Amino acid sequence: MVWFKDDGMVYKPLEELDFSPTSNETYIKSHVKAPRMTGIIIKIFTWLLEIRGFGSSVLYILKRDNLIHKLVSFAKLKEPPAFVPSYPWNDLNEQEVKSIRPDLSPLQQVEETMDCFPSWEKAILNSECSFRRWTIQDYSRSYASGETTPLTVAKRLLAVIQESSMPPLRMSFFINYNAEDILKQATESTLRYQNGKPLSILDGVPIAVKDEIDCLPYPTTGGTKWMHKIRPCIEDACCVKHLRSCGAIIIGKSNMHELGVGTSGINPHYGAARNPYDINKISGGSSSGSATLVSAGLCPVALGVDGGGSVRMPAALCGVVGFKPGFGRVSHSGVLPLNYTVGMVGVLAATVEDAFIVSISFFFFEIYHSFSRLLGFFLHSRSSSYVDNITLIQLCSYKQQQSVRSPRFFTENIPGGLLTPLLSFQPKVDFPLLKFTNSISNIKMAKYGEWFNDCKDEIKNCCYDALDLLSKTYGWKTVETTIPEIEAMRLAHYITIGCECNASLNSHSEKIKRSELGWDARVALTVYASFSSGEYLNAQRVRNRHMQIYAKIFKSADVIVTPTTGVTAYPITKTAIKYGEFDYHNGAALVRYQILGNFLGLPAVTVPVGYDKFGMPIGLQFIGRPHSEATLIHIAFAMQSLCISSYRKPQVFYDLLGKDAVRGPTIMEGHQNMLMMPST
C-alpha cells in the first residue's frame, strides 16, 4: 500500500534548455540503489516481491530510491505523449551514396551492395591484419573458387558445435540447432555453386538467428522453457525469409537472456553464452548467443533483436560490429512482440560491410513493400485481414509526405488507377559507397563530455584515442554539447520496455507457471507489472520531449558519439549460471549509452576500437539522425578501417574455412585449422 506521493520533477520548457558546452544543466549519473543478487538471495528477494501488498511496498520504495518517481512517475511536463518514435521522411542529401529503386527484391538489393565496396583484393592488401574474422566475401570466394564447399563448412560447423558445448568450454552458443536441416541447406547450396548458379553472395554463408525470431523448423522460445507451447512458430519471420531467398544457410537459434529482460546473457535454462575472449566472463545480453557465435568464428553474421542495446551491447563486449536500424525500417513480423516500440531486428557481424550486406536483404526492401502491401490491402480488400502493428506504424510515418491522415483515406480517396504514381513518392533508398570514405567531409560528431566520461577509465581513454584517429585521418570534428535529462530518458525507457513486455505476456498469464521462469526473469516481470498506466503515459511524454531535444542536437551534428558500454565484460559466478542474477548496477552501466537509440527510434552502430588491460573488447558507438543509416555505415566503416589492424584473436576461435595462415597456430589435435583453445 502507498501512503504518500513523492514530489516529481517540474521540467522547464524546451526553449529554455541550454545545449552549449558551458550549460549549467545538471548531469545525473545513473542513480542505482539495488543490491546485486544471485543464489539464495535472489530466491528470497523474489518471494518477497511476489507477496501481495508487501511486495508492492518494496517496489514503491525501490522506484522512489532509484529516482523513477521523481524523474518520470510524478514528473510534470507539458509535452503530450509520443507512443511511437516515428519521424516524417526528410531527404538528408547524404554524401557518397548511390540511390537505388525501392522496389527491388532482396536478391537484387544484395547484388547492388557489391558495387559499394573496395575490391576484395584491395581490401586484403590494405588491411595488414595479424587477425581478422572471415567475412561474407571470404566465404563466397572460397565457394566460387572451389577451395571449399558449403557442405564441407557445414560438417565442420556441426563438429564444432558439438565440441564447444562440452567441457571445458561449455560455450552454450545455441538453444536449438538441427544437423539434418543444416546439411540439407548446405547440400543445396553446394549444388548451386557446382552448377555455377549461386543465388547471391550470401549463398552458403552460415547465419544464426536469435531465438526471439521465428525460424522454421525451430520453435521460438524467447530463452524460456514454455513460450513455444503457447505461441507456436508457423512460418519464418520476414527477415529470415529474405535471407533464405538469398541462399543463406540458417544454422540454428542462438542463445539469449530469458525473455530479453537482462544484460548478462546468462540463461539458467540453456547455460551462459560465454565470451570468446574469456570464457569465464559474460557476453552481454540479450543477443548473447549471436554475439558469441560471430566472435568465435562460427558464422560471419547473426541476427539479434535490440530493445535496449541488446545487439550493440553484446557486440561491443565480444569485439564485433553491432548495427541497429532506425525504428520502422525493418518489419517486426515474426518477432516475439516483447517490446513494440523500442525493439528492432539488428545485425551482429564480423565487419561493417557484412552488417550492411545482411541488413540490406531485409532492411530498405521492407519500407517499400510493407507500404505497398498495406496500400493494396486497403485498395482491393474490405475484409478483416490482419495487419501487424509495426506495418501500420510504418504506414503512418508517411502521412506528412503523402498527406495521409487515416486508413479511411485509402478506401475513400484513392482510385486503384492511382496506385502506381502514389507509390512513386516513396523515400529514396541510399546505399553508402564505402570505397570512397576518404572523400566524405565535414562530418561533425556531437559529444557530451560528462556523459561520455561516465565509464571506466580504460574505456574512456580508448574511445578518445579512436576519436583522435578519426579527426587526424579524415579531418572530422568533435562538437562539444550538453544533452539534458539523460537519466530521465533512461528511466522512461525502462518503464516503456517493461510495460510493453508485461502487456505482451499478460494475455498468456494463465498459462505461464512461475516455476518455469528463471529467478531474475521473475524479478524483472514483477517490477514490470508494477508500472501503472500513468507512469507509461508520463514515459511517453518524456519520449516526445527528447525527440525534440535530439532534433535540436542534430541541427549542429551528423552523429552523436559515445562509448558503447560503461564497463567491459565482468566475471560469471557459478550461482548466476544456476539461478540467474539481478545486477542493476552493472546493467545500468552496460545500457548507459544505448537506450537513446531504442527509446527515440534512432539508428546506431558499434565498432570495436580496443581492449582493456585484461584483453576484453571495447566498442565505440555512433548514433545517427532519423533515416541516416547510409552516413552511419560510412562512419563506422571509416572507424573500422583505422582499428582493424589491431584486432586480436579471441581465446576461443574456430576457422571454418580452414585458412589458418591468417590466424596463427592451432593447439588442439583432431581439429586442425579449426580451434584456438583458451590460454591458461
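**Entry 1: helix α6**

I began with the buried residues of α6, which are Ile136, Gln137, Asp138, Tyr139, Ser140, Ser142 and Tyr143. I am working on a predicted model. The helix runs over residues 136-145 and is mostly covered, with 7 of its 10 residues buried. I then checked what comes after α6. Gly146 follows, and its phi is positive, near 85 degrees.

**Entry 2: the chain as a whole**

I pulled the totals next. I count 27 helices and 19 strands in the secondary structure of the chain. The chain has 680 residues, and 63% of them count as buried. I also looked at contact range. Taking contacts with a separation of 6 or more, 81% come from residues 24 or more positions apart.

**Entry 3: the sheet**

I traced an open sheet of 11 strands. I read the order as β3-β5-β4-β8-β10-β9-β16-β17-β14-β12-β13, with mixed pairing. Which strands sit at the edges? I find β3 (174-176) and β13 there, each pairing on one side only. From one strand to the next, the twist averages 35 degrees.

I looked for a helix against this sheet and found α13. It packs on the sheet and touches β4 (206-210), β8 (301-306), β9 (321-324), β10 (344-349) and β16. The direction of α13 makes about 145 degrees with that of β10.

**Entry 4: helix α13**

I stayed with α13 to check its burial. The helix covers residues 352-362, and 11 of its 11 residues are buried, so it is largely enclosed by the rest of the structure. I noted the charged residues by name: Glu353 and Asp354 are among the buried residues of α13. The buried list also includes Val352, Phe356, Ile357, Val358, Ile360 and Phe362. Ser359 and Ser361 are buried too.

**Entry 5: strand β17**

I went back to the sheet for β17. This strand spans residues 617-624, and 8 of its 8 residues are buried. Which residues lie on each face? I list Pro617, Gly619, Gln621 and Ile623 on one side. The other side has Ile618, Leu620, Phe622 and Gly624. Both faces are covered.

I checked the partners of β17. Strand β14 (residues 559-563) pairs with β17 in the antiparallel sense over 5 bridges. In that pairing I placed Thr562 opposite Gln621. Strand β16 (residues 604-611) also pairs with β17 in the antiparallel sense, over 7 bridges. Here Ala604 stands opposite Ile623, and Val605 has Phe622 as its bridge partner.

I then looked at the turn. The hairpin of β16 and β17 has 5 residues between the strands. In this hairpin, Gly615 takes a positive phi near 80 degrees.

**Entry 6: helices α7 and α8**

I took up a helix pair next. Two packed helices are described by the angle between their axes and the distance between the axes. Helix α7 covers residues 150-164 and helix α8 covers residues 179-194. They pack at an angle of about 160 degrees, with axes 7 Å apart. Angles over 145 count as roughly antiparallel, and α7 and α8 are therefore roughly antiparallel to each other. I read their crossing as right-handed.

I listed the contact residues. From α7 I have Pro150, Leu151, Ala154, Lys155 and Leu158. From α8 I have Ala179, Ile182, Leu183, Ala186, Thr187, Ser189, Thr190 and Tyr193. These residues divide into 9 nonpolar, 3 polar and 1 charged.

**Entry 7: Leu71**

I picked Leu71, found in helix α3 (residues 68-73). Is Leu71 buried or exposed? At 3% relative accessibility, it counts as buried. I looked up its contacts, not counting residues up to four places away in sequence. Leu71 touches Met9, Tyr11, Ile28, Glu487, Ala488 and Leu491. I checked Met9 further. The C-alpha atoms of Leu71 and Met9 are separated by 5.5 Å, while the residues are 62 apart along the chain.

**Entry 8: Glu485**

I finished on Glu485. Where does Glu485 sit? I place it in the loop between β13 (477-480) and α21 (486-506). Buried means under 20% relative accessible area. At 16% relative accessibility, Glu485 therefore counts as buried. Leaving aside neighbours within four places in sequence, I find Glu485 in contact with Tyr11, Leu17, Arg545, His546 and Ile549. Tyr11 appears in the Leu71 contacts as well.

Terms used: Residues are numbered from 1 along each chain as its sequence is written. This is a predicted model: local features need pLDDT of at least 70, side-chain atom pairs count only at pLDDT 80 or more; totals for chains, interfaces and linings use all residues. Side-chain values use heavy atoms; hydrogens and water are left out. Buried means under 20% relative accessible area, exposed over 50%, partly exposed in between (1.4 Å probe, protein chains only). Helices (H or I, at least four residues) and strands (E, at least two) are DSSP runs, numbered from the N terminus. Two strands pair if DSSP finds at least two bridges between them. Axes are lines fitted to C-alpha atoms, for helices over the stretch in contact, and angles run from 0 to 180 degrees between N-to-C directions. Angles under 35 degrees count as roughly parallel, over 145 as roughly antiparallel, 65 to 115 as roughly perpendicular and the rest as oblique. A crossing is left-handed if the near helix is turned anticlockwise from the far one by less than a right angle, and right-handed if clockwise. Contact means heavy atoms within 4.5 Å. Ala, Val, Leu, Ile, Met, Phe, Trp, Tyr, Cys and Pro count as nonpolar, Asp, Glu, Lys and Arg as charged, and the others, Gly among them, as polar.
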